[in-house]
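Please open the structure in your viewer and keep the selection panel at hand. The stops below are meant to be followed in order.

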Amino acid sequence: MNIAVLSGKGGTGKTTVSTNLALALKANYIDCDVEEPNGFLFIKPEVDTEEKVMVEYPVIDDNKCKSCGACVNVCQFNALAKVKDDIMLFQKLCHGCGACQIACKYKAITYGEREIGKIEKGTARDINCSRGILNISEPMAVPVIRELLKNLSDGINLIDCPPGTSCNVVNALKYADSAILVTEPSEFGLHDLKMAVELVKMYNIPFGIVINKDDGKDNIVKKYCMEEKIPLIGTIPYGKDTAVLYSKGGVLYDDLHHKEIFNQLSKAAKEVLSWN
Amino acid sequence: MKIAISATGKTIENLLDMRFGRCEYFQIHDTESGEIKILDNKGQNASGGAGIAASNQLIDEKVDVIITGNLGPNAFELIEKSGIKAYKCGNIDISSVLEKYKNGELEEIKMSGPAHHGGSH
């Protein structure tokens with residue numbers, strides 16, 4: 001059972017919900033917000049394995065290359081350019097699709113590998129934790145996300161997704177059996193939630209909503225859930241105690257009051273996402 | 001001499017587009033023949049590497065000069081290597097841009113502006 005935790009808007013509490021639900025459910029925690037993974041700051045696992053994530057890029061043999069420009073024309077990602085009698089490569093734009101090698105009549109192109117990030121795995125409080133880290137200045141996160149999610153273990157996996165609805169989230173969702181959408185009762189929160197809902201619906205998987213920083217009132221998100229008939233898994237109240245614990249990098253689940261909230265949420269999630 | 005200008009439209013009354021890689025059109029003015037050629041910027045719809053796509057197009061057209069607002073790091077590197085001179089200008093109408101260029105009032109671009117990654121789409 002792979003549960004994706006996403007939000008649309010950033011900063012609504014994806015990591016808060018996924019780390020604490022992982023503890024409540026004794027599930028595996030996977031941080032695939034590889035551009036800024038922060039779940040480990042709270043769970044603090046001991047990392048025992050580290051793997052590099054590699055991507056391919058073309059290597060042009062100058063002795064064979066006639067600078068005909070066929071590789072430049074075929075590249076869909078603008079990673080190659082022809083300047084005077086030379087072919088220039090913009091490594092970071094290459095998606096490793098292999099088209100330039102096929103297009104080259106002079107067999108001048110082979111592929112090299114370079115590192116764009118890494119995968120870390122470890123344990124904390126008897127749960128398995130893993131995360132992907134994209135190196136600074138690398139524009140392409142998807143290869144790291146794929147590597148992280150391709151061999152998920154059995155049992156319950158909580159996938160802490162990146163914000164937004166970009167390729168990074170689309171790729172993370174490919175590995176999910178159900179989804180939890182975390183939002184806040186603000187106009188921005190609702191606006192981006194709607195986009196996230198549209199995206200999740202394309203996957204035909206069960207999903208529900210968690211409202212973080214809830215004001216306890218009949219707010220715009222609750223109204224939206226009613227109108228759209230989307231199950232509300234539960235709420236996390238807006239409170240200073242939550243913010244104080246969070247600011248210290250503490251685990252909310254260690255606090256009795258919050259423990260109850262997350263136990264409730266995990267019970268409701270099991271019903272909404274209907275798993276056995 | 002061929003001068004390429006990033007533009008918001010197809011005539012000399014239109015404004016210069018401050019963006020290079022994502023501008024809508026390039027107007028190529030041939031100072032010898034007086035001809036104007038309009039190019040749809042292929043970079044505009046590129047998912048990534050817009051500046052490179054735009055540069056490739058202008059290199060193919062064998063332009064001598066580019067006038068735009070800013071050049072990103074990739075486009076800058078490419079244009080510098082291909083020996084094309086790039087000049088900076090504000091978003092004024094194209095006829096005024098040409099006038100300013102003729103009077104030597106434009107500053108040459110010697111450094112790239114910040115990169116705009118459209119995300120890893």
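**A tour of chain B**

Select helix α1(B) and colour by burial: Ala50(B), Gly51(B), Ile52(B), Ala53(B), Ala54(B), Ser55(B), Asn56(B), Gln57(B), Leu58(B) and Ile59(B) are buried, that is, under 20% relative accessible area with a 1.4 Å probe and protein chains only. The helix spans residues 50–60, and 10 of its 11 residues are buried. Helices here are DSSP runs of H or I with at least four residues, strands runs of E with at least two, numbered from the N terminus.

The model is predicted: local features need pLDDT of at least 70 and side-chain atom pairs pLDDT 80 or more, whereas totals for chains, interfaces and linings use all residues. Residues are numbered from 1 along each chain as its sequence is written, chains are lettered from A and ligands numbered from 1 in the order written, and side-chain values use heavy atoms without hydrogens or water.

Move next to Lys62(B), just after α1(B), which takes a positive phi of about 55°.

Now display the sheet of chain B. Six strands form an open, mixed sheet in the order β3-β2-β1-β4-β5-β6; strands pair if DSSP finds at least two bridges between them. Its edge strands are β3 (36–40) and β6 (107–108), each pairing on one side only. Select β5(B), residues 85–88: two bridges join this strand to β6(B), and the two run antiparallel. At this junction, Lys88(B) stands opposite Glu107(B).

Finally, zoom out to the whole of chain B, which has three helices and six strands. From the N terminus, its elements run β-β-β-α-β-α-β-α-β. Its C-alpha atoms fill a box of roughly 40 × 25 × 25 Å along the principal axes.

Conventions: Buried < 20%, exposed > 50% of the residue type's maximum accessible area, 1.4 Å probe, protein only.
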